[in-house]
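Student: Got a minute to walk me through this one? I'd like to talk helix packing and odd backbone angles.

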Amino acid sequence: MTWREVAAAAGQVSPETAQQAVGYPALFVLVALGALVPVIPTGALVSSAAVVAFHQDSLPFGVLLVFAVSALAAFTGDIALYWLGRRGVRSRGGSRWLEALRGRATPERLEQAQARLDEHGVLVLVVSRLVPAGRIPVMLACLLAQLPLRRFARGDGPACLAWAAAYGLIGILGGSLFPEPWKGVALAVALTLLISAGPALWRRIRPGGTRGA
């Protein structure tokens, strides 16, 4: 194939197809990194991607693809982080990954996560994925209980599916309310940030909340 034929073929590719070819791999990488290094607002990413997919001609295929890519990326990041944490548990000196997890879970929340893990088993992973800031304490509780990676994966798979579905629905809601995608993205991001900040705000405004902060 000559360069002219390649250029002609590239010219026939629709902008939507080109956007998908770049957007879905980028979504996977960002969500996986956000699961591995919890500083990226992955919920907002998924909701925004769902809004964009909702307004594309490939509906509902695009929305389903956002759901599948997000769930797989979250699962990949969780498994990688858990594997790194297990290495820290088994080693005598620990690891920076394990210490980072400890630093993101207060003793009170870790104790609650351990109690729920003892009571409900790996099913608690599903709830922890849906509760803001609930994932790390439960993952740390699983690590300290020396839960095998395979057993953790059995609970984390449904948890990632439920998480991707929840934030995907937020994106669908934002996309359905506004004809312009950017307005739907703005609403979806606002909702996800509100959900993320909700528990911390509640702990501050409830009676005695500031004393325990």
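Tutor: Sure, we'll go through a helix pair, then a helix and the loops beside it. This is a predicted model, where local features need pLDDT of at least 70, side-chain atom pairs count only at pLDDT 80 or more, and totals for chains, interfaces and linings use all residues. Residues are numbered from 1 along each chain as its sequence is written, and side-chain values use heavy atoms, with hydrogens and water left out.

Student: At what angle do α3 and α9 pack?

Tutor: About 50°, with the axes 7 Å apart; α3 covers residues 42-54 and α9 residues 149-177. Axes here are lines fitted to C-alpha atoms, for helices over the stretch in contact, and angles run from 0 to 180 degrees between N-to-C directions. Helices are DSSP runs of H or I, at least four residues, numbered from the N terminus.

Student: Is the crossing left-handed or right-handed?

Tutor: Right-handed, meaning the near helix is turned clockwise from the far one by less than a right angle.

Student: Which residues in α3 meet α9?

Tutor: Thr-42, Gly-43, Val-46, Ser-47, Ala-50, Val-51 and Phe-54. Their partners in α9 include Trp-163, Tyr-167, Ile-170 and Gly-171. Contact means heavy atoms within 4.5 Å. By class, the contact has 9 nonpolar, 8 polar and no charged residues. Ala, Val, Leu, Ile, Met, Phe, Trp, Tyr, Cys and Pro count as nonpolar, Asp, Glu, Lys and Arg as charged, and the others, Gly among them, as polar.

Student: Ser-47, then: buried or exposed?

Tutor: Buried, with a relative accessible area of 0%. The cut-offs are under 20% for buried and over 50% for exposed, with partly exposed in between (1.4 Å probe, protein chains only). Leaving out residues up to four places away in sequence, Ser-47 touches Tyr-167, Ile-170, Gly-171, Ala-188 and Thr-192.

Student: Switching topic: how many residues of α8 are buried?

Tutor: 9 of the 10 in α8 (residues 135-144), so this helix is largely enclosed by the rest of the structure. Among the buried ones are Arg-135, Pro-137, Met-139 and Cys-142.

Student: And the odd backbone angles, where are those?

Tutor: Ala-133 has a phi near 60° and lies in the loop between α7 (124-130) and α8. Gln-146, in the loop between α8 and α9, has a positive phi of about 55°.

Student: Why bother flagging a positive phi?

Tutor: Because most residues other than glycine have a negative phi.

Student: Are those two buried or exposed?

Tutor: Ala-133 is exposed, at 56% relative accessible area, and Gln-146 counts as exposed at 57%.

Terms used. Helix = DSSP H or I, 4+ residues; strand = E, 2+ residues; numbered from the N terminus.
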